[in-house]
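Me: I've got this two-chain model open and I'd like a close look at one part, the sheets of the smaller partner. Could you walk me through how the strands go together, and then how that part sits in the rest of the model?

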Amino acid sequence: MNKNWTFGRKLTFGFVVSSIFLIVVGMVGYWSNYALITTSYSVSHTHKVAEKVAEYLSNLKDAETGQRGYLLTGDAGYLDPYQSAIDGSSRMIGELRTLTADSPSQQRRIDQLETMTAAKFAELKHTIELRKAGHADDALKIVLTNEGKVTMDAIRKVIEQMTQEAQASLDKSAAGVEATAGAAKTTIILSTIVCLLFVSVTGFLIARSLASQLGAAVGHVQSSSAELQAAATQQATGAKQQASAMNEISTTISELGVTSRQIAESAQRVAQIAEQTVTAARSGSGTVDKGQEAIGAIRRQMDLVVNHMLDLGRKSQEIGAVLDIVSELADQTNILAINATIEATGAGDAGKRFAVVAEEIRKLADRVANSTKGIRTQVEDVRGAVNTTVMATETGAKAVDAGARQFTDVAQSFREIAALVGTTTEAAREIELSTKQQATAAEQVRVAVTDVAQATAETETSSSQTLQTASQLAGLSRDLRRMIQPQAA
Amino acid sequence: MTLDQANTALLALRREFDAGFARAPQSARAAQENLLAIRVGADGYALRIQDIGGLHLDKPIVALPTPIAELKGVAGFRGRVAPVYDLAGLLGHALQPAPRWLVLTRGAEPVALAFAHFEGHFSIDALDLVRPAEANPAAASAQAVVSDAVRHAGALWPIIDIAALVSAIQRLIPTRHAAQTAHKFDQGAFDHE
């Protein structure tokens, strides 16, 4: 038996072979039974032939008995059996012919029997008719000739031959029945023994093979059920964690939706404020243009002030030059006065009065020099103030220029602000729209996540059921292994 | 200075100027001494006007080939030529490259002394004179040419003794050279006069 055969194929093979044996036994039994039935039919037919032969002989005897009673008594009442025998003789001959149609020897004897029966009936009829005609003696003479007896003996001999042939047929059928029954018995016993041996061997081999294969399969099922159990446990744990995570995600998405709606409202407010800002920026741009014109006027006035201050500085420089002359004159006067004092001192008493004048001149020169220094200081202060003013004015002019440029920049910035705020308005509206869509999407996602959480919970339940099923499967596999391999349990 | 202050100063100046010509000559003023305040290097000195023949500014000086470092050259003063000496070098200070002021000494052989800064003229009483021991220690090397000192404007001004200084100059000059120089100077002076 091939080891690669499947369980069904092996069982099929076993059952097919067993069925073949059963069919053989059945066929043998059927054949034996058929043979016995056929033999029984043949025996019955043979008995029926024997009975018909005996009945035919009895019918002839009844006819002869009736003929003799009539001959003796003249009573017509005795002719009834005679007449019945005549009437039934043809029928019986026909039945015998039918019953012995398969036997030519019997057909030949029936022909003889029919001929002799006709001769007998003719002899009986002749005697009866003589008796009827009142010739009882003639009739008796004919009887006493033993012609009738000879015919009857011949008839009895033919009937005996027919009976013997029927008996021989019966003996032959009995021997055939006995041989058929013996063959059937032997065949059935041998077939049963062979079938039992085959079934036993095949059952043993199939059982061993099935025990081996089923044991391995059950082992695989057991390990697989253990793995399935572990996987189901892990899946249940994962499903539980996933359900928890889905709940958190659902909560987070809900918060996200709320936040998105808040953002949408904020974006709407931003858009409104941006529109107001655009209006303010346009107004500010006009104000800046006016301020720029005022700055231009200030710039022109500053240029005039600078020119005047530069003129003032030049005048101060001219005053300084004049003061240099005055200072030089004062110094020279001082030197002259000192030299006058020196000369007066050298002149002695005559020079004293001149010394006084020289002293006064020197003092005057000192005062002039001091005054010149003061004036120079004042002029220097004025020049410093003028320079400071010019520098401050130039700085102011530069500041005004810078202010003008800044005003230009501010105006440009206002225009850019207006444009940017317009863009911001559009962006805020887009943000509002997008955020509303986002809130809707978040709601849809939340619903989807809720569904997923529900599915996860169902998965968790299913995993628990799977775990339970895996546990039951593991128990079943253990039971099955115990059933298949008790020693391994 | 405000305009009122200027007017006030102008009135005071005018009043003092008028008073100067209104006052009678005072005999007590004879006791006063006129001095010139100068600055040589970082030190201030005083010169007696009675020792000086003139004060000049930015006089052209003609340089002469001489072994005397202090002799800067000669200059003309009203027809007279006088040698010009660097007062800072004579007082022991570093020589000055281009002093602008010159004082001409009195005497038969006037000598011009050049210095950089002229502070001014001032008069003192005899009581303001200080003894030589209280003079400026920085002028110690020139002790021989500094006679007295005077207090003025919160500072001590050593008074240069012109006669001693001229003597010191003469000691710098070789005898014959000095005699020739003096003779030539006298001749020149007489020629001009």
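Reply: Here is a walk through the strands of chain B, followed by the contact with chain A, chain A itself and the confidence scores.

First, some housekeeping. This is a predicted model, so to speak of local features a pLDDT of at least 70 is needed, side-chain atom pairs count only at pLDDT 80 or more, and totals for chains, interfaces and linings use all residues. Residues are numbered from 1 along each chain as its sequence is written, while chains are lettered from A and ligands numbered from 1 in the order in which they are written.

Chain B has four helices and eleven strands; these are DSSP runs numbered from the N terminus, with helices being H or I over at least four residues and strands E over at least two. Start with strand 1 (33-40) of chain B. Strand 1 of chain B pairs antiparallel with strand 8 (residues 117-124) of chain B over seven bridges, where pairing takes at least two DSSP bridges between the strands. One spot to click on is B:Ile38, whose bridge partner in strand 8 of chain B is B:Phe118. Strand 1 of chain B also runs antiparallel to strand 2 (residues 43-48) of chain B, with six bridges joining them. There, B:Ala37 has B:Ala46 of strand 2 of chain B as its bridge partner. Two residues lie between the strands of this hairpin, and B:Gly41 takes a positive phi near 65 degrees. As background, strands of a sheet pair through backbone hydrogen bonds, either parallel or antiparallel.

Now for the open sheet. Five strands of chain B make it up in the order 3-6-7-5-4, with mixed pairing. Strand 3 and strand 4 (71-77) of chain B are the edges, each pairing on one side only. From one strand to the next, the twist averages 30 degrees. Inside this sheet, strand 6 (residues 101-105) and strand 7 (residues 112-115) of chain B pair in the antiparallel sense over four bridges, and B:Val103 stands opposite B:Leu113 in strand 7 of chain B.

What about the partner? The contact takes 16 residues from chain B and 16 residues from chain A, with two residues in contact if their C-beta atoms, placed from the backbone, lie within 7 Å. On the chain B side, helix 1 (3-22), strand 1 and strand 3 (52-57) each supply at least two residues. Strand 3 of chain B, an edge strand of the open sheet, gives the largest share, five residues.

Chain A comes to six helices and zero strands. Its helix 1 (residues 7-73) and helix 5 (residues 147-347) pack at an angle of about 170 degrees, with their axes 8 Å apart; axes are lines fitted to C-alpha atoms over the stretch in contact, and angles run from 0 to 180 degrees between N-to-C directions. That makes helix 1 of chain A roughly antiparallel to helix 5 of chain A, a label for angles over 145 degrees.

Last, how far to trust it. Chain B averages a pLDDT of 79, and 78% of the residues score at least 70; pLDDT is the predictor's confidence in each residue, from 0 to 100. Within chain B, confidence is highest in strand 7, at 95, and lowest in helix 4 (residues 175-192), at a mean of 46. The model scores ipTM 0.77 and pTM 0.42.

Methods
Parallel < 35°, antiparallel > 145°, perpendicular 65-115°, else oblique.
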